[in-house]
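Got your viewer open? Here's a short walk through the model, one selection at a time.

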Amino acid sequence: MEQKINLDKLRFSDPRLEFSNIYRFFWHLIQNSFYIIATIACAALILSDVVWLRWASVLIALFLIDRLYTINKALHSISELNNGALEGINAAQYVAPKAFNIVEKSFDKTIAVGGDFYLHILKKIIKDKGVRGALWRLEVSPEEFEQKLDDEMEKTKGKPAGTKKELLEAAETLMKNAFAGAYSSRGAYVEIENILPALGLSNDESIKKLFNLFSIDWDDLKKALIFARFRVKSFWPFRLPESLGGFARQKHQIRHRYMNRSWTAKPTPTLDKFSIDFTDLAREGEIGFLIGHEKEYEQMTAILGRTARPNVLLVGEAGSGKEALVQRLARSII
């Protein structure tokens with residue numbers, strides 16, 4: 001059962017986001033150079049004839065092993081927190097390095113080129129294997145989703161990013177929500193999969209528009225992300241959380257999608273209630289295979305393709321192939 005927490009008790013503060021781009025570049029350069037030099041020094045000293053230098057290489061090696069072991073871990077684990085003891089907690093200390101790296105790079109890119117901060121984050125998140133697996137679980141093609149994301153990013157290209165203070169506030173709100181999600185689902189750290197549902201709480205118009213186009217329910221998404229995470233880590237089905245048992249065994253359902261390339265299509269819940277969208281079935285490969293009636297099909301598409309009066313009325317006895325023609329057309333549309 002999810003635990004609700006008060007976000008006002010949290011804070012998100014990390015000096016790396018407050019650095020200038022140049023300062024941050026040199027910070028990472030110095031940090032990476034340090035590890036490279038330490039590795040070279042370790043290899044050189046272990047060959048030394050001086051005993052204390054060889055012991056020094058052992059200590060350096062132990063240090064590097066420890067850093068390698070903790071490379072994907074946050075400074076603190078959420079499991080260390082007592083229930084309800086969140087007053088003054090700095091959520092930044094519980095963010096896994098990969099997740100923070102996405103926020104940091106998106107932050108830099110937004111400042112440099114403008115655009116929508118949340119879309120920059122989503123663009124990086126969509127590359128994650130677990131996130132792509134979750135989308136597949138929801139019957140959404142990651143490639144199709146990414147294509148629509150690129151279309152929306154193109155529309156916001158060059159859009160003023162706002163002040164650095166505003167971006168810091170946006171990052172703080174996003175990561176506090178991500179922390180709340182990780183805490184509620186009893187995760188060890190704030191991971192990439194916690195950032196994606198947090199985007200849904202951002203009230204960003206582009207994010208809402210994108211997810212509405214694919215009919216993605218945020219509650220289902222959160223479950224799918226946990227499900228995908230367990231599969232990626234090879235724990236499934238042996239350690240699958242009980243809360244996901246029903247989700248994992250859900251019957252396959254064909255999702256109805258109502259977007260088009262121009263983003264002008266709208267949801268039609270009433271029509272959907274009383275009808276079947278052949279394009280959904282065609283996308284799943286269940287309909288659209290026409291045997292015979294090639295002449296009628298060519299005539300129908302020729303009429304539909306003309307500029308004036310592109311209207312077709314199919315007339316015939318039951319079972320004569322009227323529906324098969326429409327289903328073939330749906331397949332052509334897909």
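Start with helix 4, residues 97-113. Put a distance between its end C-alpha atoms and you get 24 Å. That agrees with expectation, because 17 residues at 1.5 Å a residue should span 24 Å.

Keep helix 4 selected and colour by burial. The buried positions are A99, F100, I102, V103, E104, S106, F107, D108 and T110. As you read along that list, bear in mind that an α-helix has 3.6 residues a turn, so residues three or four places apart point the same way. Then step off the end of the helix: G114 follows, with a positive phi near 80°.

Now zoom out for some context. This is a predicted model, with a mean pLDDT of 80 for the protein and 85% of its residues at 70 or more. Two stretches deserve a warning colour. Residues 232-249 have pLDDT below 50, and beyond near neighbours in sequence this stretch makes 25 contacts in the model. Residues 259-264 are also below 50, with 15 contacts counted in that way.

With the whole protein in view, you're looking at 16 helices and two strands. Of its 334 residues, 37% are buried. Take the contacts with a separation of 6 or more: 70% of them link residues 24 or more positions apart.

Next, switch on the pocket display. Rolling a probe the size of a water molecule over the atoms shows where empty space is left. The largest pocket has a volume of about 970 Å³. Select R16, Q31, R67, I71 and P97 to find the middle, since these lie nearest its centre among the 31 lining residues.

Which elements give two or more residues to that lining? They are helix 2 (21-45), helix 3 (51-69) and helix 4, where the tour began. Helix 2 gives the most, with eight residues. If you colour the lining by residue class, you'll see twelve nonpolar, ten polar and nine charged residues.

Jump to helix 9, residues 192-199. Is it mostly covered or mostly open? It is mostly covered: eight of its eight residues are buried. Select them by name if you like: I192, E193, N194, I195, L196, P197, A198 and L199.

Stay on P197 and add D219 to the selection. The two are 22 residues apart along the chain, and their C-alpha atoms are separated by 8.4 Å. D219 belongs to helix 11, residues 218-232. Unlike buried P197, D219 is partly exposed, with a relative accessible area of 48%. The label follows because partly exposed covers the range between the 20% and 50% cut-offs.

Two loop residues finish the tour, both worth a look on a Ramachandran plot. In the loop between helix 9 and helix 10 (205-213) sits N203. N203 has a positive phi near 60°, in a residue other than glycine. Its relative accessible area is 56%, so N203 is exposed.

For the last stop, go to the loop between helix 15 (294-304) and helix 16 (322-333) and pick R309. Phi is positive for R309 too, near 50°, and again the residue is not glycine. Is R309 buried or exposed? At 68% relative accessibility, R309 counts as exposed.

Terms used. Residues numbered from 1 in each chain as written. Predicted model: local features only at pLDDT ≥ 70, side-chain atom pairs only at ≥ 80, totals over all residues. Heavy atoms only, no water. pLDDT = per-residue confidence, 0-100. Contact = heavy atoms within 4.5 Å. Helix = DSSP H or I, 4+ residues; strand = E, 2+ residues; numbered from the N terminus. Expected span 1.5 Å × (residues − 1). Buried < 20%, exposed > 50% of the residue type's maximum accessible area, 1.4 Å probe, protein only. 1 Å grid on protein atoms, 1.4 Å probe; cavity = no way out; pocket = protein on both sides within 12 Å on 5 of 7 lines; lining within 4 Å. Points joined across faces, edges and corners; volume = space filled by probe spheres on them. Nonpolar A, V, L, I, M, F, W, Y, C, P; charged D, E, K, R; others polar.
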